[in-house]
Amino acid sequence: GLFIFLIYRKTYAGVMYSSSFGVTLVGLTMISTFVILAVTSNVVLSLGMVGALSIVRFRTAIKEPLDITFLFWAIAAGIVLAAGMIPLAVFGSVFIGLVLVFANKKSHVAPYMVVLHCANQDAEKHAMDFLQAKVKKCVVKSKTVRADAVELNAEIRLQDENTGFVNALSQIPGVESAVLVSYNGEYMG
(Lines give C-alpha, C1' and ligand atoms only; values in the text may rest on other atoms or scores of the structure.)
Protein backbone atom coordinates (compact mmCIF):
# COMPACT_ATOMS: atom_id res chain seq x y z
CA GLY A 1 0.00 0.00 0.00
CA LEU A 2 2.84 2.40 0.80
CA PHE A 3 4.55 1.55 -2.50
CA ILE A 4 1.31 2.28 -4.38
CA PHE A 5 1.00 5.59 -2.50
CA LEU A 6 4.58 6.59 -3.39
CA ILE A 7 4.02 5.83 -7.08
CA TYR A 8 0.74 7.80 -6.99
CA ARG A 9 2.46 10.82 -5.43
CA LYS A 10 5.31 10.68 -7.98
CA THR A 11 3.07 10.37 -11.05
CA TYR A 12 0.23 12.72 -10.02
CA ALA A 13 -0.39 15.27 -12.76
CA GLY A 14 -3.76 16.75 -11.80
CA VAL A 15 -4.63 20.22 -10.63
CA MET A 16 -4.98 19.75 -6.87
CA TYR A 17 -3.16 16.92 -5.09
CA SER A 18 -5.18 15.23 -2.32
CA SER A 19 -3.10 13.60 0.41
CA SER A 20 -6.24 11.92 1.76
CA PHE A 21 -6.51 9.93 -1.47
CA GLY A 22 -2.98 8.62 -0.89
CA VAL A 23 -3.95 7.52 2.60
CA THR A 24 -7.04 5.89 1.09
CA LEU A 25 -4.82 3.79 -1.18
CA VAL A 26 -2.82 2.49 1.79
CA GLY A 27 -5.99 1.82 3.79
CA LEU A 28 -7.76 0.14 0.87
CA THR A 29 -4.87 -2.29 0.43
CA MET A 30 -4.97 -3.25 4.11
CA ILE A 31 -8.77 -3.46 4.26
CA SER A 32 -9.04 -5.66 1.17
CA THR A 33 -6.37 -7.96 2.66
CA PHE A 34 -8.32 -8.13 5.92
CA VAL A 35 -11.61 -8.91 4.11
CA ILE A 36 -10.12 -11.64 1.92
CA LEU A 37 -8.39 -13.28 4.91
CA ALA A 38 -11.73 -13.38 6.72
CA VAL A 39 -13.61 -14.70 3.68
CA THR A 40 -11.15 -17.53 3.00
CA SER A 41 -11.55 -18.92 6.51
CA ASN A 42 -15.35 -19.41 6.50
CA VAL A 43 -17.83 -20.20 3.69
CA VAL A 44 -20.82 -18.70 5.53
CA LEU A 45 -18.90 -15.52 6.24
CA SER A 46 -17.83 -15.30 2.59
CA LEU A 47 -21.46 -15.43 1.41
CA GLY A 48 -22.38 -12.72 3.92
CA MET A 49 -19.50 -10.54 2.76
CA VAL A 50 -20.56 -10.90 -0.89
CA GLY A 51 -24.03 -9.70 0.07
CA ALA A 52 -22.72 -6.85 2.18
CA LEU A 53 -20.23 -5.67 -0.43
CA SER A 54 -22.86 -5.72 -3.19
CA ILE A 55 -24.57 -2.69 -1.62
CA VAL A 56 -21.37 -0.63 -1.30
CA ARG A 57 -20.77 2.02 -3.93
CA PHE A 58 -18.47 5.00 -4.34
CA ARG A 59 -20.23 8.30 -3.67
CA THR A 60 -17.22 10.50 -4.26
CA ALA A 61 -16.64 11.52 -7.87
CA ILE A 62 -13.28 10.40 -9.22
CA LYS A 63 -11.83 13.55 -10.80
CA GLU A 64 -8.73 12.03 -12.39
CA PRO A 65 -9.17 8.93 -14.59
CA LEU A 66 -5.80 7.57 -13.47
CA ASP A 67 -7.08 7.51 -9.86
CA ILE A 68 -9.32 4.55 -10.78
CA THR A 69 -6.20 2.61 -11.77
CA PHE A 70 -4.67 3.26 -8.36
CA LEU A 71 -7.88 2.21 -6.58
CA PHE A 72 -8.07 -1.11 -8.43
CA TRP A 73 -4.33 -1.65 -7.97
CA ALA A 74 -4.69 -1.22 -4.19
CA ILE A 75 -7.66 -3.63 -4.07
CA ALA A 76 -5.90 -6.21 -6.24
CA ALA A 77 -2.69 -5.99 -4.18
CA GLY A 78 -4.70 -6.59 -1.00
CA ILE A 79 -6.50 -9.59 -2.49
CA VAL A 80 -3.29 -11.15 -3.84
CA LEU A 81 -1.52 -10.64 -0.49
CA ALA A 82 -4.39 -12.22 1.40
CA ALA A 83 -4.37 -15.19 -0.96
CA GLY A 84 -0.74 -15.78 0.10
CA MET A 85 0.78 -14.96 -3.28
CA ILE A 86 3.38 -12.55 -1.91
CA PRO A 87 5.86 -12.86 -4.83
CA LEU A 88 3.06 -12.11 -7.31
CA ALA A 89 2.03 -9.06 -5.24
CA VAL A 90 5.61 -7.77 -5.07
CA PHE A 91 6.60 -8.36 -8.70
CA GLY A 92 3.19 -7.31 -10.02
CA SER A 93 3.27 -4.08 -8.02
CA VAL A 94 6.83 -3.28 -9.12
CA PHE A 95 5.89 -3.91 -12.77
CA ILE A 96 2.70 -1.81 -12.56
CA GLY A 97 4.61 0.94 -10.73
CA LEU A 98 7.31 1.07 -13.42
CA VAL A 99 4.72 1.18 -16.19
CA LEU A 100 2.85 4.04 -14.49
CA VAL A 101 6.02 6.02 -13.78
CA PHE A 102 7.31 5.78 -17.35
CA ALA A 103 3.92 6.16 -19.04
CA ASN A 104 3.14 9.25 -16.97
CA LYS A 105 6.50 10.98 -17.38
CA LYS A 106 6.11 14.74 -17.36
CA SER A 107 7.42 16.89 -20.18
CA HIS A 108 10.49 18.98 -19.39
CA VAL A 109 9.06 21.99 -21.24
CA ALA A 110 6.25 23.39 -19.12
CA PRO A 111 3.40 25.05 -21.02
CA TYR A 112 2.00 28.38 -19.86
CA MET A 113 -1.01 30.47 -20.79
CA VAL A 114 -0.64 34.20 -21.37
CA VAL A 115 -3.79 36.30 -21.00
CA LEU A 116 -3.46 39.71 -22.65
CA HIS A 117 -5.89 42.62 -22.36
CA CYS A 118 -5.16 45.16 -25.06
CA ALA A 119 -6.83 48.51 -25.82
CA ASN A 120 -6.85 48.01 -29.60
CA GLN A 121 -5.56 45.89 -32.49
CA ASP A 122 -2.29 47.83 -32.82
CA ALA A 123 -1.40 47.08 -29.20
CA GLU A 124 -2.36 43.44 -29.79
CA LYS A 125 -0.06 43.20 -32.82
CA HIS A 126 2.89 44.79 -30.96
CA ALA A 127 2.31 42.52 -27.95
CA MET A 128 2.12 39.35 -30.07
CA ASP A 129 5.26 40.28 -32.04
CA PHE A 130 7.11 40.89 -28.76
CA LEU A 131 5.78 37.63 -27.26
CA GLN A 132 6.75 35.51 -30.27
CA ALA A 133 10.29 36.92 -30.12
CA LYS A 134 10.66 36.02 -26.42
CA VAL A 135 9.25 32.45 -26.33
CA LYS A 136 10.00 29.18 -28.07
CA LYS A 137 6.42 28.56 -29.23
CA CYS A 138 3.25 30.67 -29.18
CA VAL A 139 -0.22 29.46 -30.23
CA VAL A 140 -3.36 31.60 -29.91
CA LYS A 141 -6.07 29.58 -28.12
CA SER A 142 -8.82 32.21 -27.99
CA LYS A 143 -9.44 35.81 -28.89
CA THR A 144 -12.30 38.02 -27.74
CA VAL A 145 -12.82 41.36 -29.43
CA ARG A 146 -15.06 44.07 -27.99
CA ALA A 147 -15.58 47.63 -29.16
CA ASP A 148 -13.07 48.96 -26.64
CA ALA A 149 -10.72 46.04 -25.98
CA VAL A 150 -9.12 42.82 -27.21
CA GLU A 151 -8.56 39.82 -24.93
CA LEU A 152 -6.14 37.19 -26.13
CA ASN A 153 -5.27 33.78 -24.62
CA ALA A 154 -2.13 32.12 -25.96
CA GLU A 155 -0.36 28.89 -25.02
CA ILE A 156 3.40 29.41 -24.87
CA ARG A 157 6.55 27.36 -24.29
CA LEU A 158 9.38 29.23 -22.59
CA GLN A 159 12.93 29.24 -23.93
CA ASP A 160 14.23 29.11 -20.36
CA GLU A 161 12.79 29.56 -16.86
CA ASN A 162 12.96 33.38 -17.03
CA THR A 163 9.47 34.95 -16.88
CA GLY A 164 10.64 38.57 -16.78
CA PHE A 165 9.34 39.14 -20.31
CA VAL A 166 5.83 39.42 -18.84
CA ASN A 167 6.85 42.64 -17.05
CA ALA A 168 8.09 44.13 -20.33
CA LEU A 169 4.98 42.84 -22.11
CA SER A 170 2.72 44.71 -19.71
CA GLN A 171 4.68 47.95 -20.36
CA ILE A 172 3.89 47.98 -24.10
CA PRO A 173 1.64 50.97 -24.89
CA GLY A 174 -1.98 49.83 -25.16
CA VAL A 175 -1.48 46.62 -23.16
CA GLU A 176 -3.73 46.97 -20.10
CA SER A 177 -2.62 43.73 -18.42
CA ALA A 178 -0.55 40.63 -19.05
CA VAL A 179 -1.09 37.49 -16.96
CA LEU A 180 1.08 34.35 -17.04
CA VAL A 181 -0.56 31.14 -15.80
CA SER A 182 0.93 27.66 -15.45
CA TYR A 183 -1.00 25.25 -17.67
CA ASN A 184 -0.93 21.45 -17.75
CA GLY A 185 -3.15 20.88 -20.79
CA GLU A 186 -6.24 19.78 -18.87
CA TYR A 187 -9.40 21.70 -18.18
CA MET A 188 -11.40 21.65 -14.98
CA GLY A 189 -15.06 21.01 -15.53
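Contact here means heavy atoms within 4.5 Å. This is a predicted model: local features need pLDDT of at least 70, side-chain atom pairs count only at pLDDT 80 or more, and totals for chains, interfaces and linings use all residues. Residues are numbered from 1 along each chain as its sequence is written, and side-chain values use heavy atoms, leaving out hydrogens and water.

Reader: What share of the contacts with a separation of 6 or more joins residues 24 or more positions apart?
Author: Take the contacts in the protein with a separation of 6 or more. Those between residues 24 or more positions apart make up 69%.

Reader: In which order do the four strands form the sheet?
Author: Strands are DSSP runs of E, at least two residues, numbered from the N terminus. Two strands pair if DSSP finds at least two bridges between them. The sheet is open and its pairing antiparallel. The order is 2-3-1-4.

Reader: Which are the edge strands?
Author: An edge strand pairs on one side only. That describes strand 2 (137-145) and strand 4 (175-182).

Reader: Which residue in strand 3 stands opposite Val115?
Author: Strand 1 (residues 111-118) and strand 3 (residues 150-157) pair over eight bridges, in the antiparallel sense. Opposite Val115 stands Asn153.

Reader: Is Glu124 buried or exposed?
Author: Glu124 sits in helix 6 (residues 121-134); helices are DSSP runs of H or I, at least four residues. Buried means under 20% relative accessible area, exposed over 50%, partly exposed in between (1.4 Å probe, protein chains only). Glu124 has 10% relative accessibility, so it counts as buried.

Reader: Which residues is Glu124 in contact with, leaving aside neighbours within four places in sequence?
Author: Set those neighbours aside. The contacts of Glu124 are then Cys118, Lys143, Val150 and Leu152.
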